[in-house]
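Q: I have a protein model open on my screen and I'm not sure how to read it. Can you walk me through it?

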Amino acid sequence: MMRLIDYIPPIVHGAIGALASAFPASPETLVGKEYLVPSYVGFLFAILFYFRKEIGLLPTSELRKEPIREGRLFIYSLMFTVVMAYPVGRRLGWIVGDEKLDALNAAIGAVLLGLSLLLWRRGEGISKSIEKVVSGSDDGGALLHSVLVSVANAISIVGPSRGGLSVLFLALGEKNGEKVFRGSLIAGIGYYTVAVVLMDGWKFSGSAILPAIASASAFLVGLVAIHVIIYLGKLGWKGLAVYALIPVIIYAVEVVL
């Protein structure tokens, strides 16, 4: 018979997994293995729910030849991530040790922080050539951004923070903070799909209701986290700086303690 206290671990693990997935951290080191897949699934559905209009309007927009940038970004990044990340994950797996992961994520955060302070404050992307390609395309740079973020996803599949790397790669040629964060989240659909498939040997030893609770927790907390991230994107370089500071602070606290 299940006790009330038995429901606390899946709720906590699901919430932590969603927060780590949304922000520049690695949930794999924070969430128990049994709850990792449920937290992935919950956060994946949170992204799908948040962008349901953009994804749902994709067929109509294509028929009318009025492409929606985020709809195409969803399709392109999903395909490219499967093509790039799945072989890497299947062949290499998790190769970055847990003890080095927080330092690596902090380094990614430090680069992002420098980018926000030096470039975004002036309203510029880091690469003028990429900006030119984006501004001259008829899909808002969806194809180019999909390639960039899919490369980030392929690298992240071996350990580093998906959120941190995808935001960093997208910020190379995009000076609109909200577009960067929205693009990073949309590209997460492909990433978490691949991640769940790669964990095909996942099993849960307890009651089947506990993973479902973890997924529900990740879904609800993920929706809140997504709204926070989009708000940070609207703040421009200041929001990016706040986002980038998170892994740096986490690592600094670990070093001090």
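**Reading the core**

A: Sure! This is a predicted model, and its largest nonpolar core has 59 residues, with Phe43, Ile226 and Tyr243 having the most contacts inside it. Helix 10 gives the most to this core, namely 11 residues.

Q: Why look for a core at all?

A: Here's the general idea: in soluble globular proteins, nonpolar side chains tend to be buried together.

Q: What does Tyr243 touch, leaving out residues up to four places away in sequence?

A: Its partners include Phe23, Pro24, Leu112, Val167, Phe181 and Leu232. Gly163 and Gly164 are also among them.

Q: Is Ile186 buried or exposed?

A: The trick is to check the relative accessibility against the cut-off: under 20% means buried. Ile186 has 2%, so it counts as buried. You'll find Ile186 in helix 10, which covers residues 177-198.

Q: Which residues does Ile186 touch, beyond those up to four places away in sequence?

A: They are Ile47, Phe51, Glu70, Leu73, Phe74 and Ser77. Take Phe51: Ile186 and Phe51 are 135 residues apart along the chain, yet their C-alpha atoms are separated by 7.6 Å.

Q: And Ser146, is that one buried or exposed?

A: Ser146 counts as buried, because its relative accessibility is 0%. Ser146 sits in helix 8, residues 142-156. Skipping residues up to four places away in sequence, Ser146 touches Arg72, Leu73, Tyr76, Ser77 and Phe80. Look back at Ile186 and you'll meet Leu73 and Ser77 again: Ile186 touches them, and Ser146 does too.

Methods: Residues are numbered from 1 along each chain as its sequence is written. This is a predicted model: local features need pLDDT of at least 70, side-chain atom pairs count only at pLDDT 80 or more; totals for chains, interfaces and linings use all residues. Side-chain values use heavy atoms; hydrogens and water are left out. Helices (H or I, at least four residues) and strands (E, at least two) are DSSP runs, numbered from the N terminus. Buried means under 20% relative accessible area, exposed over 50%, partly exposed in between (1.4 Å probe, protein chains only). Contact means heavy atoms within 4.5 Å. A nonpolar core is a set of buried Ala, Val, Leu, Ile, Met, Phe, Trp, Tyr and Cys residues joined through side-chain atoms within 4.5 Å.
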